[in-house]
Amino acid sequence: MILHRTIISAVALLVSSYGFSQEIADSIGETDSIPVRWEDTIGQRLAAITEDVDRSSYYAGISIYDLTSDSLLFAYNQHKMMRPASTEKVLTAITALDLLGAAHEYTTSIYIDGTIDTDSLGVTSLNGNLYVVGDFDPMIETAHLKQISQLIYNKGIRRINGNLIADVSMKDTLALGNGWCWDDEQPYLTPLSLSGHNYESTPERINRYNPTRYFLQQLAVCLNADSISVAGTGILPMHFSDNTQLIGTLVHRIDEVLPRMMKNSDNLYAESMFYQIGAIAGKNVSWKDCASRVSATIAKTGASADYAEIVDGSGLSLYDYVTPSVEVAMLRYAYNNEKIFGPLYHSLPIAGVDGTLTNRMRSTSAANNVHAKTGSVTGVSSLAGYLTAPNGHLVAFSIICNSLKKSAEGRSLQDRICITLTEK
């Protein structure tokens, strides 16, 4: 303000010395009433926040991009590789929507082989096997097993003299992800299981629980409830022969899987989508097949794939590393692609409203504004998504905190930044 008064005094001197009109001098003096623009101060306000980070025991990376003006708004360690935790799911979702589309279907197929014969007592039997071909659909529940049983019942079959066979050749046989901690609760990576608590592994169950066999056992229960007896069950790791008959399918779309994957941060749902991406290459898919697809999408954004190490689809792995700049590049790519942006944006948790952001940023300018994916594992807290700035511009951001003693420190930083970005 002292400098501003000095300038006004200088203008007054010019008026008296050189005869400038008093109107010109008055108009210059009126600059005191010009409101300060959000765009002109936001950088300083964010820089003040990062000064606090510099004094903390953890480290962070921040990238904030104005999508409306297509320009970088703020950056702090944006090219530093860090563990992303569940913001990795953003990369998985964008890749799946880009390659497959929101309408892509998970298709679990039911086949039979052999012959259907009726004996002298009038009992109709399937002299063959019933196959369920898994497609890693995470939404299959007991109600779907009842649908399969009804398909068999409607064919008049009251006995299956062969086996119930699960074809799980869609992916390789690794049940856990590369770099997953053995003492975490994790989903089993099998193409055929019942959703819910049945798929979770714990240290006590990891070596003795088989969700695919459980699937077959529960299918047998449903068949018996419909008075259909079964001779046996089995798991077939390789694809069955062509001498089969398709009798039905169970179908769910990617846009049905996305909400729980993103809003609830469900790891099974994320891994199922990760393997859907890789399944483009065929059967017996490995995590490397899937990771290569995500890396290819990163390259399409113009960001360097060297700034990302993709190992799984959920962010559980100790080996996942990305930079905030890569996450923002993917969010920008999604924004510029209508088929991606709509399904992605609507699947993200909303601050103070739902999902993993239900209890965050309530009663602030960020509430019901920030749409973002959270991430949290031991030592890591992250947040990546979109918000609308006070000038009406849509902003993409990624905030990743590593080496945290308490996750609350990271969440506090993320909330503070989002509130600052949405305040006038």
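Among contacts in the chain between residues at least 6 apart in sequence, what percentage join residues at least 24 apart? In this predicted model, the figure is 69%. The chain holds twelve helices and 16 strands, and 51% of its 424 residues count as buried. About 18,800 Å² of the chain is exposed, with carbon and sulfur atoms supplying 50% of that area.

A good place to start looking is Ser-63, which sits in strand β1, spanning residues 59-66. With a relative accessible area of 2%, Ser-63 is buried, because the cut-off for that class is under 20%. The side chain of Ser-63 reaches the side chain of Gln-78 in a polar contact of 2.9 Å. Beyond its neighbours within four places in sequence, Ser-63 touches Leu-72, Phe-74 and Gln-78, then Pro-324, Ser-325 and Val-328, and also Ala-396, Phe-397 and Ser-398.

The loop between β2 (71-76) and α4 offers two residues with backbone angles worth a look. Most residues other than glycine have a negative phi. Asn-77, however, has a positive phi, near 55°, and Ala-85 likewise has a positive value of about 55° without being a glycine. Both Asn-77 and Ala-85 belong to this loop. How buried or exposed is each of them? Asn-77 is partly exposed, at a relative accessible area of 32%, whereas Ala-85 counts as buried, at 2%.

From that loop the chain enters helix α4, and helix packing comes next. Two packed helices are described by the angle between their axes and the distance between the axes. Helix α4 (residues 88-99) packs against helix α8 (residues 267-278) at an angle of about 40°, and their axes lie 9 Å apart. The arrangement of α4 and α8 is therefore oblique. On the α4 side, the contact is formed by Lys-89, Thr-92, Ala-93, Thr-95, Ala-96 and Leu-99, while α8 contributes Asn-267, Ala-270, Met-273, Phe-274 and Ile-277. The crossing of α4 past α8 is left-handed.

Leu-100 is found in the loop between α4 and β3 (105-112). At 21% relative accessibility, Leu-100 counts as partly exposed, since buried requires a value under 20%. Although Leu-100 and Gln-276 are 176 residues apart along the chain, their C-alpha atoms are separated by 8.6 Å. Gln-276 is also one of the contacts of Leu-100 outside its neighbours within four places in sequence, alongside Ile-254, Ile-277 and Ile-280.

Two further helix pairs can be followed in the structure. Helix α7 (residues 254-263) and helix α11 (residues 338-347) pack with their axes 8 Å apart and an angle of about 45° between them. These two helices, α7 and α11, are therefore oblique to each other. Leu-258, Pro-259, Met-262 and Lys-263 of α7 make the contact with Pro-343, Leu-344, His-346 and Ser-347 of α11. Here, the crossing of α7 and α11 is right-handed.

Which way do α9 and α10 lie relative to each other? Helix α9 (residues 287-300) meets helix α10 (residues 324-335) at an angle of about 75°, with 9 Å between their axes, and the two are therefore roughly perpendicular. At their meeting point, Thr-297, Ile-298 and Lys-300 of α9 face Val-326, Met-330 and Tyr-333 of α10. Ser-63 links back to this part of the chain through its contacts, which include Pro-324, Ser-325 and Val-328.

Terms used. Residues are numbered from 1 along each chain as its sequence is written. This is a predicted model: local features need pLDDT of at least 70, side-chain atom pairs count only at pLDDT 80 or more; totals for chains, interfaces and linings use all residues. Side-chain values use heavy atoms; hydrogens and water are left out. Helices (H or I, at least four residues) and strands (E, at least two) are DSSP runs, numbered from the N terminus. Buried means under 20% relative accessible area, exposed over 50%, partly exposed in between (1.4 Å probe, protein chains only). A polar contact is a pair of N or O atoms within 3.5 Å; within protein, one must be able to donate a hydrogen and the other to accept it, and residues adjacent in sequence count only if both atoms are side-chain atoms. Contact means heavy atoms within 4.5 Å. Accessible areas come from the Shrake-Rupley method with a 1.4 Å probe; for residues, only the protein chains shown count as cover. Axes are lines fitted to C-alpha atoms, for helices over the stretch in contact, and angles run from 0 to 180 degrees between N-to-C directions. Angles under 35 degrees count as roughly parallel, over 145 as roughly antiparallel, 65 to 115 as roughly perpendicular and the rest as oblique. A crossing is left-handed if the near helix is turned anticlockwise from the far one by less than a right angle, and right-handed if clockwise.
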